[in-house]
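Colleague: I am new to this structure and would love a close look at a single part of it. Could you pick one strand, walk me slowly through its surroundings, and then show me how the rest connects?

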Amino acid sequence: MSTIIEANNINKYFRKPMLFHVLKDISFNINKGEFVSIMGKSGCGKSTLLYILSTMDTDYEGELILGGQKLTGKSGNELSKVRNEKIGFVFQFHYLLPEFSVLQNVMLPARKLGRKSYNEIEKDAMKSLSLLGIGDQAKKKASMISGGEKQRAAIARALINDPKIIMGDEPTGNLDSKNSDNVFNIFRQLSSELGISLLMVTHDQDFAKNTDRIIEMEDGHIIG
Amino acid sequence: MTDFKIILEITKTHLLSRFKQSSIAALGVTFGIGTFIVLVSFMTGLNNMLDGLTLNRTPHIHIYNEIKPSEVQPIDRSEEYKNSYNVIRSIKPKRSQERIHNALPLMAVLTKDNRVKGITSQVAAKVFYISGSIELNGVVNGINVADEVKLFNFGDYIIKGSPENLLRNSNGILLGAGLADKMSLSVGDRLQLSSVNGGVFPLKVVGIFQSGLADIDNIQSYVNLKTAQEFLGEGSNYISDINVKLWDIDKAFLFSKEISKQHQVTAIDIKTANAQFETGTTIRNLITYSVSITLLIVAGFGIYNILNMLIYEKMNDIAILKATGFSGNDVKLIFISQALIIGLIGGLLGLIFGLFISILIDHTPFETQALPTIKTFPVNFKILYYVIGIIFALVSTFLAGYLPARRAQSIDPVDVIRGQ
């Protein structure tokens with residue numbers, strides 16, 4: 001199995017309010033199609049690690065490789081391109097642009113990438129929205145749909161550019177159990193059917209135990 | 001390369017979702033630009049009119065023979081008193097001719113000079129106007145009416161009759177409006193002129209002119225050059241004033257110095273004679289621009305404020321855009337293009353608003369004794385001011401949008417997402 005993400009000896013410090021060593025020598029790999037969850041207590045650094053892996057946080061020591069390409073030390077604009085093309089995000093809070101329609105939200109990253117025509121993008125977006133069961137909500141404004149539907153729309157958006165990996169920060173964190181199961185099943189399906197790697201930070205024991213691998217963290221170390 | 005369409009679409013959605021604020025920001029620009037257009041059109045219209053008033057009828061160089069005491073007195077030539085301090089009391093000018101010495105050859109020289117657009121010659125004579133029992137003193141100028149019309153817009157000041165009438169009638173006179181009033185004379189009436197040395201000349205009123213300056217209109221009249229020369233009992237070489245119009249008014253000063261030195265006459269250039277008028281123009285322009293720029297700065301602060309607030313409100317949107325692959329530059333572009341669109345729409349409306357008000361002013365009646373040719377307020381519809389106006393609008397809104405956009409560019413998505 002090929003490696004998608006490789007983190008080598010990642011160290012991270014918070015400098016304010018005082019110097020604090022958050023991540024201590026973190027190294028691990030994620031393979032293609034693997035569904036991994038990161039667990040740990042609040043403050044153990046799991047979200048911080050996710051932001052580094054997502055390339056949004058560049059203030060760290062160590063080395064980050066995505067799909068064979070070294071990302072450490074690249075410029076902000078290059079990293080934006082990498083995020084656009086290869087990484088999908090799903091956050092705890094839904095983070096759709098409230099003034100755009102659901103469909104427009106989903107299409108946005110693809111239109112930024114500009115690889116396909118508008119019509120093709122629209123067709124793809126509709127397809128993934130239908131796949132996630134909210135095709136009928138596509139034309140509604142993003143602020144007008146329910147929480148579970150928003151999270152599914154965010155997943156559709158994460159999928160639009162056929163990313164190598166989808167990262168999530170507590171993607172089911174504020175969903176009820178029914179919606180939570182629903183979202184989990186969607187992730188499961190993506191990993192097994194489309195071969196997309198998934199990396200999810202979570203507090204939810206039930207969620208984590210159904211994933212392929214759990215990375216457990218404590219005080220900035222990986223403990224298992 | 002980013003698809004600019006998507007940036008514009010986000011911009012549009014942001015603007016439309018806050019239509020009220022966007023409109024108010026645009027209205028600020030509209031007001032600023034509109035006021036600029038109105039002010040500048042009206043001010044320059046007024047300036048041009050006032051300048052024209054002076055420039056049209058003032059010769060660029062006025063040549064005459066001034067009677068004054070000799071600058072070099074005999075004692076100054078004496079070798080004996082060369083190094084002493086000489087005081088002469090009660091110097092009087094020598095009696096000499098009032099006409100320009102050798103006027104005809106001088107005119108020939110000036111006409112050939114390629115700096116000169118044209119010259120007119122005049123004969124001034126002191127007279128008494130006699131009509132019935134009234135006698136008024138005044139001045140009659142003999143002119144070459146065709147040249148005066150061509151070079152100094154003389155025709156503009158004829159309020160009754162026409163300058164051609166003078167050309168056709170060698171015993172005609174164009175009477176000052178004040179004089180005509182005092183003597184109750186109108187076109188077609190007759191009056192007599194009496195010269196200082198006693199001769200009486202009957203003349204026919206062929207027109208009435210009004211210069212706008214009461215002092216002139218009360219004493220001055222115009223007759224044909226030849227009539228004036230006959231009236232004085234002089235020949236055709238008697239010329240008391242030569243008025244020169246140049247192609248380039250800026251050369252007047254040096255050229256006037258040259259003429260007075262070469263031909264021993266007094267030559268006064270327009271800037272020396274009317275020093276105040278250029279100062280007035282400059283100051284009016286200064287006021288116009290400073291008021292407009294102040295208005296635009298105020299409008300700019302409005303835009304700055306609104307965009308700043310927008311960025312606070314759109315913190316989440318900015319974080320999402322950045323997380324999903326939009327670069328800081330894209331985000332900056334979104335906000336700068338918002339500012340520019342506000343500037344463009346506000347500016348264009350401002351131009352229309354300004355044009356509308358200008359047209360309104362242009363049609364407002366404005367009649368004054370001083371300016372017989374002006375019927376409405378003067379407005380200058382120069383396309384350049386509209387170009388300056390829209391450039392002003394874009395530059396000021398760009399500057400107002402740039403700082404907030406820079407802030408949006410540097411927002412760290414991790415901070416926003418973590419902060420939730």
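Modeller: Happily! Let us begin with strand E7 of chain A, where both faces are covered: A:Ile165, A:Met167 and A:Asp169 on one side, and A:Ile166 and A:Gly168 on the other, are all buried. Buried here means that 20 or more other C-beta atoms lie within 10 Å of a residue's own; exposed means 12 or fewer, and partly exposed is in between, with C-beta atoms placed from the backbone. Please keep in mind that this is a predicted model, in which local features need pLDDT of at least 70 and side-chain atom pairs count only at pLDDT 80 or more, while totals for chains, interfaces and linings use all residues. Residues are numbered from 1 along each chain as its sequence is written, and chains are lettered from A and ligands numbered from 1 in the order in which they are written.

The strand covers residues 165-169 of chain A, and 5 of its 5 residues are buried. Strands (E, at least two residues) and helices (H or I, at least four) are DSSP runs, numbered from the N terminus. Two strands pair if DSSP finds at least two bridges between them.

What lies beside E7(A)? Strand E6 (residues 87-91) of chain A runs parallel to E7(A), joined by 5 bridges. In this pairing A:Ile87 stands opposite A:Ile165. Strand E8 (residues 197-201) of chain A is also parallel to E7(A), again with 5 bridges, and here A:Met167 stands opposite A:Leu199. Helix H6 (residues 177-194) of chain A joins the picture too: E7(A), H6 and E8(A) make a right-handed β-α-β unit. Right-handed means that, with the strands pointing away from the viewer, the path from the first strand over the helix to the second runs clockwise.

Now step back to the sheet. It is open and has 6 strands of chain A in the order E6-E7-E8-E3-E9-E10, with mixed pairing. E6 and strand E10 (221-222) of chain A are at the edges, each with a single partner strand, so one side of each has no neighbour in the sheet. Further along, strand E3 (residues 35-40) of chain A pairs with E8(A) in the parallel sense over 4 bridges, and A:Phe35 has A:Leu198 as its bridge partner in E8(A).

For a contrast with the buried strand, try A:Ser2, in the segment before strand E1 (3-14) of chain A. A:Ser2 counts as exposed because it has 8 C-beta neighbours inside 10 Å. Leaving aside residues up to four places away in sequence, A:Ser2 touches A:Asn31 and A:Lys32; touching, or being in contact, means that the C-beta atoms, placed from the backbone, lie within 7 Å.

Chain A also meets chain B. There, 20 residues of chain B are in contact with 23 residues of chain A. On the chain B side, the elements giving two or more residues are helix H1 (4-17), helix H13 (315-323), helix H14 (328-362) and helix H16 (413-419). The residues on this side divide into 7 nonpolar, 10 polar and 3 charged. In this count Ala, Val, Leu, Ile, Met, Phe, Trp, Tyr, Cys and Pro are nonpolar, Asp, Glu, Lys and Arg are charged, and the others, Gly among them, are polar.

One of those helices deserves a second look. In H13(B), 7 of the 9 residues are buried, so the helix is largely enclosed by the rest of the structure. Among the buried residues are B:Asp317, B:Ile318 and B:Lys322. Just after H13(B), B:Gly325 takes a positive phi of about 110 degrees.

Chain B has a covered strand as well: E5 (residues 172-176), with 5 of its 5 residues buried. E5(B) pairs with strand E7 (residues 200-209) of chain B in the parallel sense over 5 bridges, where B:Ile173 has B:Val205 as its bridge partner. Strand E8 (residues 220-224) of chain B is joined to E5(B) by 2 bridges and runs antiparallel; here B:Leu174 has B:Tyr222 as its bridge partner.

Finally, look at B:Ser90, in the loop between helix H3 (74-77) and helix H4 (103-112) of chain B. Phi of B:Ser90 is near 55 degrees, a positive value in a residue other than glycine. B:Ser90 is exposed, with 4 other C-beta atoms within 10 Å.

Methods: Contact = placed C-beta atoms within 7 Å.
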